[in-house]
Amino acid sequence: MDERVFIKDGIRLDGRRFDELRPIKMEVGVLKRADGSCYMEMGDNKVIAAVYGPREVHPRHLQEVNRAIIRYRYNMASFSVEERRRPGPDRRSYELSKVSREALEPVILTSYFPKSVIDIFVEVLQADAGTRTAGINAASVALADAGIPMRSLVSSCAAGKVDGQIVLDPMKDEDNFGQADMPIAITPTGEITLLQMDGILTRDEFRQAMELAKKGCQEIYKIQRRVLIERYSQFEDLQDEGS
Ligand code: ADP
């Protein structure tokens, strides 16, 4: 057993209470050549999402006649972790690309763009646990920035169990030495599009973790919405339309 104490007098190692997210920073439209893009920091995680499309599918045999296909590539830079990571895809990045695509696909109106593809690239520049959730948040905003029609945004964060306590948004040390980690993604109307779990939780702890993660996602949703409104209220014609 590890003897470390991660929560003392209700305060975590980085000064947060059990129900607090790490500080968040988001910036929309950071890449000139992408149709939509977003840079996001969630604590020490730094990710960038770029969206291209809808555009022609290559190779052609991947085309779907009645909808757009979505491709999502999650990639961790070799310098994003403490010890240099071997570049290129691995099992983990294939898994994270798949679950992240599935987290966003339900909100994208793919039937508007038959025979085309929407490509989403997520590059992790710095990792500190929670990169899949940061990637989904950034990708959701980048899709909106690209003008892709969507039912809603998707917001994502994790809850975990550390020192026997359910906490919001575990950072690296809490994730490494904690007893559970449960990332979720959710729409503002409450549709869960991602639910994963490492470790073990009792039923009650699972309910608590779910409530906490949902609350975290609601906070993130407000930030996503705010940065998009701020970005687009810069353009007079949109401002004139009112809301
Ligand atoms: P997530 O980043 O979504 O929480 P994981 O739970 O798989 O995904 O990873 C937790 C953290 O572990 C990552 O954010 C990163 O800080 C670290 N990590 C993941 N893969 C590697 C790796 N190949 N080398 C070093 N650290 C890694």
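Where does Pro59 lie? Pro59 is in the loop between E5 and strand E6 (69–76). This report on a predicted model starts with the backbone and then turns to the ligand and its pocket.

## Backbone: two cis bonds

Pro59 follows a cis peptide bond. The bond runs from His58 to Pro59, with omega near -5°. A second cis bond links Gly53 to Pro54. Its omega is near 0°. Pro54 is part of strand E5, which covers residues 45–56. One of these prolines is thus placed in a strand, and the other in a loop.

Most peptide bonds are trans. That is the reason to look at these two bonds when reading the backbone.

## Backbone: a positive phi

Most residues other than glycine have a negative phi. Asp9 has a positive one, near 50°. Where is Asp9 found? Asp9 is in the loop between strand E1 (7–8) and strand E2 (11–12).

## The ligand and its shell

Which residues surround the ligand? They are Met76, Val81, Arg85, Arg92, Ala127, Asp128, Ala129, Gly130, Thr131, Arg132, Lys172 and Asp175. By type, the shell has six charged residues, four nonpolar and two polar.

Three side chains place polar atoms by ligand oxygen atoms. For Thr131, the distance from a polar side-chain atom to a ligand oxygen is 2.5 Å. For Arg92, the distance is 2.7 Å. For Arg132, an N or O atom of the side chain is 2.9 Å from an oxygen of the ligand. On its own, the ligand has 530 Å² of accessible area, and the protein covers 75% of that. Helix H2 (131–145) and helix H3 (172–177) are the elements that give two or more residues to the shell.

## The largest pocket

Where does the ligand sit? The ligand sits in the largest pocket. This pocket holds about 270 Å³ of space.

How many residues line the largest pocket? The lining has 18 residues. Nearest the centre are Arg92, Ala129, Gly130, Thr131 and Asp175. These five also appear among the residues around the ligand. Two or more lining residues come from each of H2, H3 and strand E10 (180–186). The lining divides into seven nonpolar, seven charged and four polar residues.

## Putting it together

Arg92 and Thr131 link the two views of this site. Both lie among the residues nearest the pocket centre. Each also has a polar side-chain atom by a ligand oxygen, at 2.7 Å for Arg92 and 2.5 Å for Thr131. H2 and H3 give residues to the ligand shell and to the pocket lining.

Conventions: Residues are numbered from 1 along each chain as its sequence is written. This is a predicted model: local features need pLDDT of at least 70, side-chain atom pairs count only at pLDDT 80 or more; totals for chains, interfaces and linings use all residues. Side-chain values use heavy atoms; hydrogens and water are left out. A residue is near a molecule or strand if one of its heavy atoms lies within 4 Å of it. A polar contact is a pair of N or O atoms within 3.5 Å; within protein, one must be able to donate a hydrogen and the other to accept it, and residues adjacent in sequence count only if both atoms are side-chain atoms. Accessible areas come from the Shrake-Rupley method with a 1.4 Å probe; for residues, only the protein chains shown count as cover. On a 1 Å grid over the protein atoms alone, a cavity is a set of points where a 1.4 Å probe fits but cannot get out, and a pocket is an open set with protein on both sides within 12 Å along at least five of seven lines; lining residues have an atom within 4 Å of a point. A molecule sits in a cavity or pocket if more than half of its atoms lie within 2 Å of its grid points. Helices (H or I, at least four residues) and strands (E, at least two) are DSSP runs, numbered from the N terminus. Ala, Val, Leu, Ile, Met, Phe, Trp, Tyr, Cys and Pro count as nonpolar, Asp, Glu, Lys and Arg as charged, and the others, Gly among them, as polar. Grid points are joined across faces, edges and corners, and a volume is the space filled by probe spheres set on the points.
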